[in-house]
Amino acid sequence: MHHNFLFDLDQTLLDFHASERKALEIIAVKNGLGFSEDVYKHFKAFNKSLWLDLEKGIITRQELFLSRFSELFEYCGGDSSGVDLLEVNNDFIRTMSVNGVLMDGALEFVKKLKNEIPLSRIYIASNGATVNAKGRIASTGLDEFIDGLFISEDMGVTKPSEDFFDICFEKIGEPKEACIMVGDSLSSDMLGAQNASIDSVWFMPSGDIEKSMKEYDIDYCASSFDELFDILKRWSGEV
Ligand SMILES: [Mg+2]
């Protein structure tokens, strides 16, 4: 039996926001728009409101893709007439998918897990788009250390559903007692581990930690990769 570590991707091993910022800067410059922290903040807030509208069924996915870039042009004082905004959006998605950004120390951490815990297996368990996740993982060199990817878009189910985790266990081919979930999100990672009845590590906990640990039946908390390594090493000795 192995020690199967299921890692969430964004804000656990990779920095989603940093990739997004980088891609937006590249796209803005390419389209002759100025870029600043203020532009990024505006785009992010506007994008978020569009995703909420999409969830409510007020707009379509295509409208979201168009609106966020017509807004970007307008906010930056650019002229978007004659610009194929859907192509700009596609370019943005492509650019982001090849510009993965690691969380500080993530690569050293996974190397250490592989070297110092010989029976360790590293899996990614992430909600999101496959191309985006795979591309960012490959662009950081993280793929070299990963034994398998579980991406919601591929699977047709998302964290925190038990079905998501059942598929993971089946593919891993080992009992769930040999699996532990590591992630930053209470509502997808920790709740998912609770639904699937597996051990969990809350990475970079915040807020009322004690209350959340009880509510989500969290086993461990880690505020750095060093702490996380010690927890996983200890856990591996016990299972
Ligand atoms: Mg996350």
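**View 1. Gln11, in the loop between strand 1 and helix 1.** This close-up, like the others here, comes from a predicted model. Look at the backbone of Gln11: phi is positive, about 65 degrees, although the residue is not a glycine. Is Gln11 buried or exposed? Gln11 counts as buried, with a relative accessible area of 18%, and the cut-off for that word is under 20%.

**View 2. A magnesium ion held by Asp8, Asp10 and Asp184.** Which atoms do the holding? Asp8 and Asp184 each use OD, while Asp10 uses O, and the distances run from 2.1 to 2.2 Å. Along the chain, these donors follow the spacing D-x1-D-x173-D. Asp10 sits in the loop between strand 1 and helix 1, and Asp184 in the loop between strand 4 and helix 9, so this pair ties together parts that are 174 residues apart in sequence. As for Asp184, this residue is partly exposed, with a relative accessible area of 25%.

**View 3. The largest pocket, with a volume of about 1400 Å³.** Its lining is made by 37 residues. Which of them lie nearest the centre? They are Asp10, Phe16, Trp51, Asn127 and Gly128. You may recognise Asp10 from the magnesium view, where it is one of the coordinating residues. The elements that give two or more residues to this lining are helix 1, helix 2, helix 3, helix 4, helix 6, helix 7 and helix 9. Helix 2 (37-55) gives the most, with seven residues. Sort the lining by kind of residue and you get 12 nonpolar, 12 polar and 13 charged.

**View 4. Helix 6 and its buried residues.** Here, Thr130, Asn132, Ala133, Gly135, Arg136, Ile137 and Thr140 are buried. What do they pack against? Their partners are helix 1, helix 4, helix 5 (106-116), strand 2, strand 3 and helix 7. Follow the chain just past the end of helix 6 and you come to Gly141, with a positive phi of about 85 degrees.

**View 5. A cis peptide bond between Lys159 and Pro160.** At this bond, omega is about 10 degrees. Where is Pro160? You'll find Pro160 in the loop between helix 7 and helix 8.

**View 6. Helix 8, residues 162-172, with its buried residues.** Phe164, Phe165, Cys168, Phe169 and Ile172 are the ones to look for, and they are buried. Seen down the helix axis, the buried residues fall within an arc of 130 degrees, so they line one face of helix 8. On the other side, Glu170 and Lys171 are exposed. What does the buried set pack against? The list takes in strand 1 (3-7), strand 2 (120-126), strand 3 (148-151), helix 7 (152-155), strand 4 (179-183) and helix 9 (186-196). Just after helix 8 comes Gly173, where phi is positive, about 75 degrees.

**View 7. Helix 9 and its buried side.** The buried residues in helix 9 are Ser188, Asp189, Met190, Gly192, Ala193 and Ala196. They cover an arc of only 165 degrees around the axis, which puts them on the same side of helix 9. That set packs against helix 8, strand 4 and strand 5 (199-203).

**View 8. Leu228, a buried residue in helix 11.** Helix 11 spans residues 225-238. The relative accessible area of Leu228 is 0%. Which residues does Leu228 touch? Leaving aside residues up to four places away in sequence, the contacts are Phe7, Phe109, Val182, Val201, Phe203 and Ala222. Now find Glu215: from Leu228 to Glu215 is 13 residues in sequence and 21 Å in space, C-alpha to C-alpha.

**View 9. Asp217, in the loop between helix 10 and strand 6.** Helix 10 covers 209-215 and strand 6 covers 220-222. What is phi for Asp217? Phi is near 55 degrees, a positive value in a residue other than glycine.

**View 10. Glu74, an exposed residue in helix 3.** The relative accessible area of Glu74 is 63%, and anything over 50% counts as exposed. How far is Glu74 from Leu33, counting between C-alpha atoms? The two are separated by 9.8 Å in space, and by 41 residues along the chain.

Conventions:
Residues numbered from 1 in each chain as written. Predicted model: local features only at pLDDT ≥ 70, side-chain atom pairs only at ≥ 80, totals over all residues. Heavy atoms only, no water. Buried < 20%, exposed > 50% of the residue type's maximum accessible area, 1.4 Å probe, protein only. Helix = DSSP H or I, 4+ residues; strand = E, 2+ residues; numbered from the N terminus. Arc of directions from axis to C-beta. Contact = heavy atoms within 4.5 Å. Donors = N, O, S within 2.8 Å, 3.2 Å for Na, K, Ca; no water. 1 Å grid on protein atoms, 1.4 Å probe; cavity = no way out; pocket = protein on both sides within 12 Å on 5 of 7 lines; lining within 4 Å. Points joined across faces, edges and corners; volume = space filled by probe spheres on them. Nonpolar A, V, L, I, M, F, W, Y, C, P; charged D, E, K, R; others polar.
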